[in-house]
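Q: Could you take one part of this structure and walk me through it slowly, as if I'd never looked at a model before? After that, I'd love to hear what else is worth a look.

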Amino acid sequence: MDERLDGASSALQGGSRSAGFTRTAKDSADPVLEGAWRAVVSQGSYLMTPDRLSRCLGVAGEAWGRFAAHWGDLVPDAYAAQQGTRRLRRYGHFCLTRRGGITSMPHVAFVQPEDSNPLYVATDRHFEPLTEAFMAEPMLTSLIRMLGRVAARLEDADEWSVKVHPFRVVARAGQQGEPAPEGCHRDGVTLVTSLLINRENALGGTSTVYDTEGEELMSTTLSEPGSLLLSDDRSTLHGVSSIRPAVTDAPAVRDVLVTTLTAR
């Protein structure tokens with residue numbers, strides 16, 4: 001176990017390292033988590049508001065500001081640049097156990113299953129790793145553990161493969177930014193989530209969730225930082241529309257954290 005990650009999260013969890021992710025009295029008593037998993041199961045997706053997420057994570061405004069600062073350390077995504085989009089990102093991979101342990105996995109190429117992303121089918125993509133400072137953020141481990149509790153209601157697993165992708169998409173006048181250049185797609189995971197970190201001078205960027213037949217289930221524009229969209233990737237597809245500047249003499253910026261969980 002990565003004690004640095006586990007120790008950072010323990011500070012927010014009251015020092016406990018034994019809370020499991022099977023259904024517990026604590027989860028049932030938490031109306032936010034209960035509502036999240038019920039909506040994901042019955043409707044395929046759920047939008048959690050910033051105040052509810054902050055309550056689940058036990059964090060306040062100062063922690064959000066510190067977390068958002070890490071988006072200034074992202075680096076250009078050469079693969080998105082091939083499609084004409086300026087996107088910056090990093091990538092991290094973790095193992096989450098049933099009892100809440102988090103281990104950093106070796107940094108290797110990011111590859112999605114053949115039946116998922118149509119733009120990068122079985123393609124090895126190499127991204128810069130998360131910074132040490134980002135990995136040490138208590139909010140990151142709290143978020144991973146919270147998402148683990150939701151995912152555990154979708155599928156019973158002893159371990160979860162957790163992949164973390166901080167993104168920044170930038171668009172200028174006459175040049176749209178594509179948060180999802182692959183269009184409508186699946187990620188080949190169990191639970192896929194998108195957390196809005198920041199949005200400046202941006203129009204567009206509407207997130208839409210579809211069923212497997214292409215019927216729209218939900219459409220929302222993540223506009224308030226801290227908004228979290230969760231979807232059951234096994235039964236839905238998702239996409240995000242392009243962004244463009246609201247004021248043309250300044251760039252449009254959209255910062256998100258995409259986190260996926262796959263039962264191992």
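A: Let's begin with a residue and its partner: Asp211 has Thr236, in E12, as its bridge partner. Before going on, note that this is a predicted model, where local features need pLDDT of at least 70 and side-chain atom pairs count only at pLDDT 80 or more, while totals for chains, interfaces and linings use all residues. Numbering starts from 1 along each chain as its sequence is written, and side-chain values use heavy atoms, leaving out hydrogens and water.

Back to our bridge. Another one joins Ser207 to Val240, which also sits in E12. The pairing here is between strand E9 (residues 206-211) and E12, which run antiparallel over five bridges. (Strands pair if DSSP finds at least two bridges between them; a strand is a DSSP run of E with at least two residues, a helix a run of H or I with at least four, numbered from the N terminus.)

Now zoom out a little. E9 and E12 belong to an open sheet of three strands, in the order E10-E9-E12, with antiparallel pairing. The edges are strand E10 (216-221) and strand E12 (236-240), each pairing on one side only. Even as an edge strand, E12 is mostly covered, with four of its five residues buried, where buried means under 20% relative accessible area, exposed over 50% and partly exposed in between (1.4 Å probe, protein chains only).

On the other edge, look for Thr220, a residue of strand E10. Thr220 has a relative accessible area of 15%, so it counts as buried. Leaving out residues up to four places away in sequence, Thr220 touches Leu47, Thr206 and Ser207, with contact meaning heavy atoms within 4.5 Å. And yes, you've met that Ser207 already: its bridge partner in E12 is Val240.

Next, a helix. In H4 (residues 50-57), the buried residues are Pro50, Leu53, Ser54, Cys56 and Leu57. Looking down the axis of H4, you'd find these buried residues within an arc of 160°, so they line one face of the helix. Right after H4 comes Gly58, with a positive phi near 70°.

Now for some rings. The whole structure holds three aromatic pairs. (Rings of Phe, Tyr and Trp, using its six-membered ring, pair if their centres lie within 6.5 Å; planes under 30 degrees apart are stacked, over 60 edge-to-face, the rest tilted.) Phe67 and Trp71 have ring centres 5.4 Å apart and planes at 70°, so this pair is edge-to-face. For Phe67 and Phe134, the centres are 5.4 Å apart and the planes at 35°, so that pair is tilted. This second pair links distant parts of the chain, 67 residues apart, with Phe67 in helix H5 (residues 61-68) and Phe134 in helix H7 (residues 132-135). Phe67, Trp71 and Phe134 make up one aromatic cluster. Phe67 and Trp71 are both buried, and Phe134 is buried too.

One more stop: Gly148, in helix H8 (residues 138-151). With a relative accessible area of 0%, Gly148 is buried. From Gly148 to Glu159 you count 11 residues in sequence and 9.5 Å in space, C-alpha to C-alpha.

Finally, how far to trust the picture? The average pLDDT (the predictor's confidence in each residue, from 0 to 100) is 86 for the chain, and 84% of the residues score at least 70. Residues 1-20, though, have a pLDDT below 50. Where pLDDT is low, the predicted coordinates shouldn't be read in detail.

How values were computed
Arc of directions from axis to C-beta.
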